[in-house]
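Open the model in your viewer, switch on a cartoon view, and keep the selection box handy. We will go from stop to stop, picking a few residues each time and looking at what surrounds them.

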Amino acid sequence: MVHEAGPVIGRRGILGAAIPAAALLFAGGVVRARPARAGSGGADPSVPGRLRLPAPTGPHPVGTTTLYLVDRSRTDPWEPIAVREVMVTVFYPARGVAGRTVAPQLTEAAAREFAVAGPLGHPQLPSTGVDWAATRTHSRIDAPAQTTRRPVLLYSPGGGDPRGMGTGLAEELASRGYVVVTMDHPGDAAVVEFPVDLAGRDRVRWTVFRFDPRNDPTIADTMIDTRIADTRFVLDQVAVLAAGGNPDPTGRPLPADLHRVLDPRRVGVYGHSAGGTTAAETMAEDRRVAAAINLEGYLDHPPRVLGQVGELYPIARDGADRPLLLVDTDGFPEHAALERSWSALLAHSRHPVPRRRIHSAAHAVFTDYAAIAPQLAASGRMTPAARDALVGAIAPTRSIPTVRRHVHGFFARHLPTH
């Protein structure tokens, strides 16, 4: 997430093609139309190879499917859309994957737009020379699911990040016997592709953010409130799936036995940055959540008055009464601000709250950038300084197993698969 501040751009303000993309970082606020693209932003055919994600290490093959979900009880908070849409990807232990197509990390249309939108949120990313559509996962599309009911884990990404950038960890958990539902929060995520057209948005919807939402308390509160509502809505739809229903209004066929692998009575939530805030606070508000992990997310509101402190979220004010794990990095630049709410949580909790730190690491190490940034740096498409700013100097051979061990170990203890 970017950290520059600025004024809010007016509703559906048009950002002309003459405005350089980098300048948008300083334009500030929330925009209601995406910047015009200066070029194709797609693959550079002169660059050999493709970015690779780390393989899952568990015993189960992984299937995946994508669902379009519509909450008709809410309107969209960011753009004039009459309903609230949520896109999710489900990763699950598969019964067999023979003959099934390997899923991409990002859809082709989303990848084209991410080539432009991604560097706006993460300036360390190269603006050219990356074929984001070429990255493949280790999951097979619509493979038949296993028939043993498994715990369900929901994932909320960091502010501005698409759900696809949490693929590696989701696949690892699925390979170890969990059903993982990664969520996009449209208007917040960098890019989200939808299967249908709808008035008020494009088929591929961009983020409305042009600076760190915590620099505007109203925007920040709307973002987290929306994410929590999205998460609770997705939990409702998990129950529909587990009962044999199909909550996708397009009626697309579901993988065989998907309903039989879901156990909506055993639910955890994990998230990164704003998603970590979402995970912890969703657990505070929803008794269906048995355990949660906060990967370097604040647990307080931004201050309403400069120089004062913000109000604590209920999870920090009242403490945790169910299992909660906190994980941070030594490279996070705003430790003092993070520490205030985390210390309050630890002081008020009735349940032990373990805390872990990853060393020589930076904020995005919890995402697929932990694998991607070193590859970009090794090929000369990212500077060493940019790599260190994004994920830290830690080698992916250390960072990826460390994050996986913390997350899987916690859920294996509190939401075992057997």
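**First stop: a link across the chain**

Select D142 and R252 and show their side chains. The two form a salt bridge, with the closest N and O atoms 3.2 Å apart. Keep in mind as you look that this is a predicted model. The pair links distant parts of the chain, 110 residues apart: D142 sits in the loop between strand 4 (136–141) and strand 5, while R252 belongs to the loop between helix 3 (217–242) and helix 4 (258–261). Is D142 buried or exposed? With a relative accessible area of 19%, D142 is buried; buried here means under 20%. R252, at 25%, is partly exposed.

**More salt bridges**

Now move to R232 and E285. Their closest N and O atoms are 3.8 Å apart, and they too form a salt bridge. R232 lies in helix 3 and E285 in helix 5 (residues 274–285), so this pair ties together parts that are 53 residues apart in sequence. Both ends are partly exposed: R232 has a relative accessibility of 31%, and E285 has a relative accessible area of 39%.

Next, select D71, R74, D76, E79, R84, R205 and D230 together. Salt bridges that share partners join these residues into one network. Zoom in on R74 and D71 within that group: their closest N and O atoms are 2.8 Å apart in a salt bridge. Here both partners are buried, R74 with a relative accessible area of 18% and D71 at 8% relative accessibility. If you would like to keep exploring, a search of the whole structure finds 32 salt bridges.

**The sheet**

Hide the side chains and colour the strands. How many strands does the open sheet have, and in what order? There are 10 strands in the order 3-4-1-2-6-5-9-10-11-12, and the pairing is mixed. The edges are strand 3 (102–104) and strand 12 (355–358), each of which pairs on one side only. On average, neighbouring strands of this sheet are turned by 30° against each other, direction ignored.

For a closer look at one pairing, select strand 5 (residues 150–156) and strand 9 (residues 262–272). These two run in the parallel sense and share 7 bridges. Click on R150, and you will find L262 of strand 9 standing opposite.

**Helices lying across the sheet**

Keep the strands visible and add helix 7 (residues 335–348). Helix 7 lies across strand 10 (289–295), strand 11 (324–329) and strand 12, and runs at about 160° to strand 11. Then add helix 10 (residues 396–414), which lies across strand 5, strand 9, strand 10, strand 11 and strand 12; its angle to strand 10 is about 165°.

**A pair of helices**

Select helix 8 (residues 369–378) and helix 9 (residues 384–391). They pack at an angle of about 175°, and their axes are 9 Å apart. That angle makes helix 8 roughly antiparallel to helix 9. Show the side chains where they meet: from helix 8, Y369, A370, A373, P374 and A377; from helix 9, R387, L390 and V391. By class, this contact has 7 nonpolar, no polar and 1 charged residues.

**An enclosed helix**

Now go to helix 2 (residues 167–175) and pick out E172. At 3% relative accessibility, E172 counts as buried. Which residues is E172 in contact with, leaving aside its neighbours within four places in sequence? Select A55, P56, T57, G58 and R404 to see them. Then widen the view to the helix as a whole: 9 of the 9 residues of helix 2 are buried, so the helix is largely enclosed by the rest of the structure. Just beyond, helix 2 is followed by G177, which has a positive phi near 105°.

**Last stop: V88**

Finish in strand 2 (residues 84–93), where V88 lies. V88 is buried, with a relative accessible area of 1%. Leaving aside neighbours within four places in sequence, V88 is in contact with T65, T66, L67, L69, R163, V181, T182, M183 and V234. Try a distance label between V88 and L69: they are 19 residues apart in sequence and 7.7 Å apart in space, C-alpha to C-alpha.

Terms used: Residues numbered from 1 in each chain as written. Predicted model: local features only at pLDDT ≥ 70, side-chain atom pairs only at ≥ 80, totals over all residues. Heavy atoms only, no water. Pairing = 2+ DSSP bridges. Helix = DSSP H or I, 4+ residues; strand = E, 2+ residues; numbered from the N terminus. Axes fitted to C-alpha atoms, helices over the stretch in contact; angles between N-to-C directions. Contact = heavy atoms within 4.5 Å. Parallel < 35°, antiparallel > 145°, perpendicular 65-115°, else oblique. Nonpolar A, V, L, I, M, F, W, Y, C, P; charged D, E, K, R; others polar. Salt bridge = Lys/Arg side-chain N within 4 Å of Asp/Glu carboxyl O. Buried < 20%, exposed > 50% of the residue type's maximum accessible area, 1.4 Å probe, protein only.
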